[in-house]
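Dear colleague,

Please find below the structure that I am handing over to you. My findings follow directly after it.

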Amino acid sequence: MINYSGTPVIETERLLLRPLKQSDTQSVFDHWLSDERVANNRVNAAHTSIAQTEERVKKIVSHYENKDFCYWGIELKDTGELIGEIDIYDFDSSTDNCEVSYSLGFKWWNQGYGTEALQAVVEFGFRQMNIHKISAAHNTDNPASGRIMAKVGMKPEGVIRHMIRNAKNQYKDCAVYGILRDD
């Protein structure tokens with residue numbers, strides 16, 4: 001049975017995973033949600049106005065009172081910069097499985113931050129929440145995300161053709177990865 005505990009602060013060597021605040025809106029907009037390079041790997045289009053991001057952050061913040069809501073901002077401990085987001089969601093009480101997704105600002109790609117954040121959240125899911133399996137998917141044209149998943153022990157489970165349709169109305173094949181608590 002899943003042990004829901006909301007979104008506690010998680011500290012790693014270089015990162016602080018913490019709940020987002022409304023005051024983070026500008027950083028969220030500037031660092032990843034308005035960037036087309038990041039949006040190309042997401043379902044939703046890049047934000048074109050701060051108002052869009054403000055509304056999104058407001059919605060996220062409003063869910064923190066729910067114990068089954070696990071959504072972190074990724075902050076650099078040494079500078080306090082907010083560089084991305086990571087969440088676990090789509091909990092299935094019949095299997096104790098869930099999914100994870102993440103986004104990092106382009107400036108922080110290929111520096112190990114995605115791996116560090118994902119490792120921390122996977123460990124939290126297994127140790128604190130009693131999750132059985134955590135799954136993730138990435139567009140096949142974004143192999144770097146798959147490398148992050150593999151580095152934390154997730155195993156490739158196959159490719160689902162046309163799994164998503166992005167904001168440009170393009171269907172994308174997605175590689176699915178998974179990790180079991182027993183792995």
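Two strands are counted as paired if DSSP finds at least two bridges between them. On that basis, 8 strands of this predicted model form an open sheet with mixed pairing, in the order 1-2-3-4-5-6-8-7. Strand 1 and strand 7 (155–165) are the edge strands, each of them pairing on one side only. In general, the strands of a sheet pair through backbone hydrogen bonds, in either a parallel or an antiparallel manner.

The sheet, from strand 1

Strand 1 covers residues 10–11 and strand 2 covers residues 15–18; the two are antiparallel and share 2 bridges. The connection between strand 1 and strand 2 is a hairpin of 3 residues. Within this pair, glutamate 11 has leucine 16 of strand 2 as its bridge partner.

On its way into the sheet, strand 2 also pairs with strand 3 (residues 70–76), again in the antiparallel sense, over 4 bridges. Here leucine 15 stands opposite leucine 76 of strand 3.

The sheet, at strand 7

Strand 7 is joined to strand 8 (residues 171–180) by 7 bridges, and the two run antiparallel. One bridge partnership here links proline 156 with tyrosine 177 in strand 8.

The annotated domain

The unreviewed UniProt entry places the feature "domain: N-acetyltransferase" at residues 15–183. Over residues 15–183, helix makes up 30% of the chain and strand 34%. The C-alpha atoms at the two ends of this stretch are 24 Å apart.

Packing of the helices

Two packed helices are described by the angle between their axes and the distance between the axes. Two such pairs are described here.

Helix 1 (residues 25–33) and helix 3 (residues 50–62) have axes that come within 9 Å and cross at roughly 115 degrees. Angles of 65 to 115 degrees count as roughly perpendicular, and helix 1 is therefore roughly perpendicular to helix 3. The crossing of helix 1 and helix 3 is right-handed. Helix 1 contributes Thr25, Gln26, Val28, Phe29 and Leu33 to the contact, while helix 3 contributes Ile50, Thr53, Glu54, Arg56 and Val57. Sorted by class, the contact of helix 1 with helix 3 comprises 5 nonpolar, 3 polar and 2 charged residues.

Helix 4 (residues 113–127) packs against helix 5 (residues 143–151) at an angle of about 45 degrees, and their axes are 9 Å apart. Helix 4 and helix 5 are therefore oblique to each other. Helix 4 and helix 5 also make a right-handed crossing. In this contact, Gly114, Thr115, Leu118 and Gln119 of helix 4 meet Ile148, Met149 and Lys151 of helix 5. The residues of the contact of helix 4 with helix 5 comprise 3 nonpolar, 3 polar and 1 charged.

Backbone points to inspect

Most residues other than glycine have a negative phi. Which value does phi of aspartate 90 take? Phi of aspartate 90 is near 55 degrees, which is positive although the residue is not glycine. Aspartate 90 belongs to strand 4 (residues 82–92).

Asparagine 110 likewise has a positive phi, near 60 degrees, and is a residue other than glycine. Asparagine 110 is located in the loop between strand 5 (97–104) and helix 4.

With kind regards

Note on methods: Residues numbered from 1 in each chain as written. Predicted model: local features only at pLDDT ≥ 70, side-chain atom pairs only at ≥ 80, totals over all residues. Heavy atoms only, no water. UniProt positions renumbered as here; feature names shortened; annotations may be inferred. Axes fitted to C-alpha atoms, helices over the stretch in contact; angles between N-to-C directions. Parallel < 35°, antiparallel > 145°, perpendicular 65-115°, else oblique. Left-handed = near helix turned anticlockwise from the far one by under 90°. Contact = heavy atoms within 4.5 Å. Nonpolar A, V, L, I, M, F, W, Y, C, P; charged D, E, K, R; others polar.
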